[in-house]
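Hi there,

Here is the structure I promised to pass on. Have a look at it first, and then read my notes below.

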Amino acid sequence: MKKTVPVIEVKNLTFAYDKQIILDNISLAVEEKDFLAIIGPNGGGKSTLLKLLLGILKSKQGSIEIMGKSPSQSVSLIGYVPQNTNINTDFPIKVIEVVLMGHVGSKKPLFGYGKEEIACAMGALEQVGMGAFAQSKIGSLSGGQRQRVMIARALCAHPKILMLDEPTSNIDIQGQREIYELLKILNQNMTVIVVSHDISVILEYANKAAHINKRLSFHDISDKKMMFHPHSQEEHFCEVELLQMLGTQKDHRYAKKENQIKWSTKK
Amino acid sequence: MIEALQFEFIQHALVAGVLVSFAAGIIGSLIVVNRMVFLAGGIAHASYGGIGLAIFFGIPVFLGASLFAVAAALLIASLTLHSRHRIDTFIGLIWAVGMAIGIIFTDMTPGYNVDLMSYLFGSILAVTAEDLYFMGILLGVILFVMIFWYRDILAVSYDSEYATLRGISVRFFYTLILVLSALTVVIAIKVVGLILVIAMLTIPVYIAEKLSHSLFSMMFISGLIATFFTLVGLWFSYAYNLTSGASIILVSAVLLGVFLLLFPKK
């Protein structure tokens, strides 16, 4: 395998709220055009890591470099799709206006939106297959369609890295699959990082996986991929098996507990 | 009816109705989409403190009410931005304490038999030329802010977390919206009074929201609807000798009911 320069390099990062340690001495290297899945239990630190990468949170120990810059300097390199895009659906706003928010304020015109900005936003909408909905009210879309619009908003600034926080929660199975197929296409041109609970689906698309539960264990799963492919495994399988395959048996106690609560089923 | 138009106080009332309706339509839209109705209620009632102080110290009532309302808005903004524990208790407190200050200071004003009702329920037929200038300037400021910062205000209102990531100061725009709300409340007190001002800021907006695809059209339609309600209310008030503020609000409520009956699905 050829080695490329990492687009994201996290070294010995520790983060704590007051005295409660959320992330403990984490190191991570993401290479160009990786598809990284960040998995782990609730409260394990997944979203915190994402917020640190985005520069929303700052840590005192360890370092984060995004293409050689600090997170706060690299806002325009990252496209971000937040969690819970189903909030505020009554808001009177057109799809195109939501996408236009994605522009970083370098060449803002004095009033309203520039022609180039609108053309760029339309392009992003076309890219996610939502061009026909540009003038629709955001509340009239389905959850999956709305998620595509949020992806278009993130694409608006031509990012090198796309980060998504739980992109398929509250979306039906068909919609989820469409979102991941879209991410797969986008992955040809940019690095994709997805935080998700839904590990069986995400591992089918990802080539790297990071399991975070205070500590991080990192896996290159591009070769093991077949193991997770739905056609090779008709039975539904659970997180315990997946985590064991990934070599996180240390977390077995957690896995067992999760296992009782949630099964990831597949047909 | 037409002969009424030759009276100066009727002309003033009509101009004030239109100016205040558009200000209320624009600011009411922002208040509703940002879920600040309770905050605006707090500011409206607190502004009575400014009225009382103005009467006591003998300064223009508009000025006193404006300063006090803006101070209340800044206080509420800072409480909200620091997401203080039990914030609704504090807003309720500001709401009541402002009124209490107003009442105590009017009590203490020697020999002043204040017409409390005119501030609580409005006195659009007593609008002066100076009041109209103040209303006109405020509407101008609101229009300027909206045109100049429309996309930032839209981003902050729709998705404040994302707006922060794009480098927009949520703190600044949130405070700006509350300060403009405070000033709008002060001019709307003249038309419908501080008790009824919340209805004027929300009823037209509720209808407009159902008819709009964007924040801009919501503001414009709210302004038109508020103007219509105000003019019809004024007509009732004049024709049957009723209190103008209450007439405007009842007309609004009845027409909202008609709207809900005609378009139940919306």
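How many residues lie between β1(A) and β2(A) in their hairpin? There are two, and A:Asp18 in that turn has a positive phi of about 50°.

Some ground rules before the rest. This is a predicted model, in which local features need pLDDT of at least 70 and side-chain atom pairs count only at pLDDT 80 or more, while totals for chains, interfaces and linings use all residues. Residues are numbered from 1 along each chain as its sequence is written, and chains are lettered from A and ligands numbered from 1 in the order in which they are written.

**Chain A in outline**

Chain A has nine helices and nine strands; these are DSSP runs, numbered from the N terminus (helices are H or I with at least four residues, strands are E with at least two). Of its 267 residues, 40% count as buried. Here, buried means that 20 or more other C-beta atoms lie within 10 Å of the residue's own, exposed means 12 or fewer, and partly exposed is in between, with C-beta atoms placed from the backbone. If you take the contacts in chain A between residues at least 6 apart in sequence, 70% of them join residues at least 24 apart. A contact means that the two C-beta atoms, placed from the backbone, lie within 7 Å.

**The three-stranded sheet**

Back to the hairpin strands: they belong to an open, antiparallel sheet of three strands in chain A, ordered β2-β1-β4. Two strands pair if DSSP finds at least two bridges between them. β2 (20-31) and β4 (61-66) of chain A are at the edges with a single partner strand each, so one side of each has no neighbour in the sheet. On average, neighbouring strands here are turned by 15° against each other, direction ignored. Axes are lines fitted to C-alpha atoms (for helices, over the stretch in contact), and angles run from 0 to 180 degrees between N-to-C directions.

Helix α1 (residues 46-54) of chain A packs on this sheet and touches β1, β2 and β4 of chain A, with its direction at about 120° to that of β1(A).

Strand β1 (residues 6-17) of chain A is joined to β4(A) by five bridges. A:Val10 has A:Ile64 as its bridge partner there, and A:Ile8 has A:Ile66. On the β2(A) side there are eight bridges, and A:Glu9 is partnered with A:Ala29. One thing to keep in mind while you look: side chains in a regular strand alternate between the two faces of the sheet.

**The six-stranded sheet**

Chain A also has an open sheet of six strands, in the order β5-β6-β7-β3-β8-β9, with mixed pairing. At its edges are β5 (78-81) and β9 (215-220) of chain A, each with a single partner strand, so one side of each is left free of a neighbour in the sheet. Strand β8 (residues 208-213) of chain A pairs with β9(A) in the antiparallel sense over six bridges, and A:Ala209 stands opposite A:His219. Helix α4 (residues 143-155) of chain A lies across β5 and β6 (161-165) of chain A, at about 160° to β5(A).

**Where the chains meet, and chain B**

The contact between the chains takes 17 residues from chain A and 19 residues from chain B. On the chain A side, eleven are nonpolar, three polar and three charged. Ala, Val, Leu, Ile, Met, Phe, Trp, Tyr, Cys and Pro count as nonpolar, Asp, Glu, Lys and Arg as charged, and the others, Gly among them, as polar.

In chain B, try helix α3 (residues 61-81). Its 21 residues should span 30 Å at 1.5 Å a residue, and its end C-alpha atoms are indeed 30 Å apart; the expected span is 1.5 Å times one less than the number of residues. The buried residues of α3(B) include B:Phe62, B:Phe68 and B:Ala69, and among the elements covering them are α2 (37-57) and α8 (170-192) of chain B. B:Ala69 touches residues including B:Ile43 and B:Val186. As for α2(B), 16 of its 21 residues are buried, and B:Gly58, which follows α2(B), has a positive phi near 70°.

Over to you!

Note on methods
Lists of a residue's contacts leave out its neighbours within four places in sequence.
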